[in-house]
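Hi,

Here is the structure I promised to pass on. Have a look at it first, and my notes on what turned up follow underneath.

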Amino acid sequence: MKKLTATSTLLLTALATAPTFASDFGVDWFVGAGVGYQNDDVSGHNTTNGEDASFEIRSGAILDDSHRVMATYGYMDKLEQSKFIASYDYLLPVHEDINLFAGVSLGAADSEVADESATEFVWGGQVGAMYVINDNWTTELSYRYLAQDFEENNVEIDSTQQIMVSVDYRF
């Protein structure tokens, strides 16, 4: 029991102080949210148009001002689609306050189309531009393409395309 208490205390202390130590190694933690347009390539029997607004929340870290890792949860109401995505981006500075980025993503999408529901693996990439407003706030415009293999009862989703505007807060 004492080992469990000591291990738990040590783990909680490490997690609580990680952002402080990480700042010494060039890591900027952030959280953010975005809104945009999503178009899913839906085909098959009794399907609907796959266009609708999309929303996301996200969190991650920027490493050495050049690499970004991020976890994203996104939602689209029309297809009742939830996406859980991990992504990596390479940031390329083009001006004092502007970075271009390109990267890869993978994760899972849980979709419901024509009364059929399934969770499928998704993968793809994204490109965009990030504007640094000040030391704590950034905004970006991005395009993401995700391939997916949703196929239930003659209904298919082959891909998802998104254009998003996001705002992030850096710690």
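Arg 170 is buried, with a relative accessible area of 12%. That comes from a predicted model, by the way, so please read everything below in that light. Arg 170 has a salt-bridge partner in Asp 28, with the closest N and O atoms 3.6 Å apart. Since Arg 170 sits in strand S8 (residues 155-170) and Asp 28 in strand S1 (residues 27-44), the pair ties together parts that are 142 residues apart in sequence. Asp 28 itself counts as partly exposed, at 23% relative accessibility; the cut-off for buried is under 20%.

Now for the other charge pairs. The structure holds 6 salt bridges in total. Arg 58 is worth a look, and it takes part in a salt bridge with Asp 168, at 2.7 Å from N to O. Arg 58 belongs to strand S2 (residues 51-63) and Asp 168 to strand S8, so this pair ties together parts that are 110 residues apart in sequence. Both Arg 58 and Asp 168 are buried, and for Arg 58 the relative accessibility is 6%.

Which other side chain does Arg 58 meet in a salt bridge? That would be Glu 56, at 3.4 Å from N to O. Glu 56 is buried too, at 9% relative accessibility. If you zoom out a bit, you'll find a network of salt bridges that links Glu 56, Arg 58, Arg 68, Asp 89, Glu 140 and Asp 168.

On to the surface. Asp 41, Asp 149, Glu 151 and Asp 158 gather there in a patch of negative charge. Two of these I can place for you: Asp 149 is found in strand S7 (residues 137-152), and Asp 158 in strand S8. Asp 158 is partly exposed, with a relative accessible area of 36%. Not counting residues up to four places away in sequence, Asp 158 touches Asp 41, Ser 43, Leu 146, Ala 147 and Gln 148. Asp 41 is thus both a contact of Asp 158 and a fellow member of the negative patch. As for Ala 147, its C-alpha is 6.0 Å from that of Asp 158, and the two are 11 residues apart in sequence.

Strand S7 also holds Glu 152, which counts as partly exposed at 26% relative accessibility. Where does Glu 152 make contact, leaving aside its neighbours within four places in sequence? The residues in question are Glu 116, Ser 117, Ala 118 and Glu 120. Val 113 is 39 residues away from Glu 152 in sequence, with 8.7 Å between their C-alpha atoms.

Last, the overall picture. The chain has 1 helix and 8 strands, and along the sequence they run α-β-β-β-β-β-β-β-β. Of the 171 residues in the chain, 36% are buried. Looking at contacts between residues at least 6 apart in sequence, 55% join residues at least 24 apart. The chain exposes about 9700 Å², and carbon and sulfur atoms supply 61% of that.

If you only open one view, I'd start with the salt bridges around Arg 58, to Glu 56 and to Asp 168.

Cheers

Notes:
Residues numbered from 1 in each chain as written. Predicted model: local features only at pLDDT ≥ 70, side-chain atom pairs only at ≥ 80, totals over all residues. Heavy atoms only, no water. Patch = residues over 30% accessible without salt bridge, like charges linked within 9 Å, V, L, I, M, F, W, Y side chains within 5 Å. Areas by Shrake-Rupley, 256 points an atom, 1.4 Å probe, with all protein chains shown as cover. Salt bridge = Lys/Arg side-chain N within 4 Å of Asp/Glu carboxyl O. Lys, Arg positive; Asp, Glu negative; His and termini not counted. Charge placed at Lys NZ, Arg CZ, Asp CG, Glu CD. Helix = DSSP H or I, 4+ residues; strand = E, 2+ residues; numbered from the N terminus. Buried < 20%, exposed > 50% of the residue type's maximum accessible area, 1.4 Å probe, protein only. Contact = heavy atoms within 4.5 Å.
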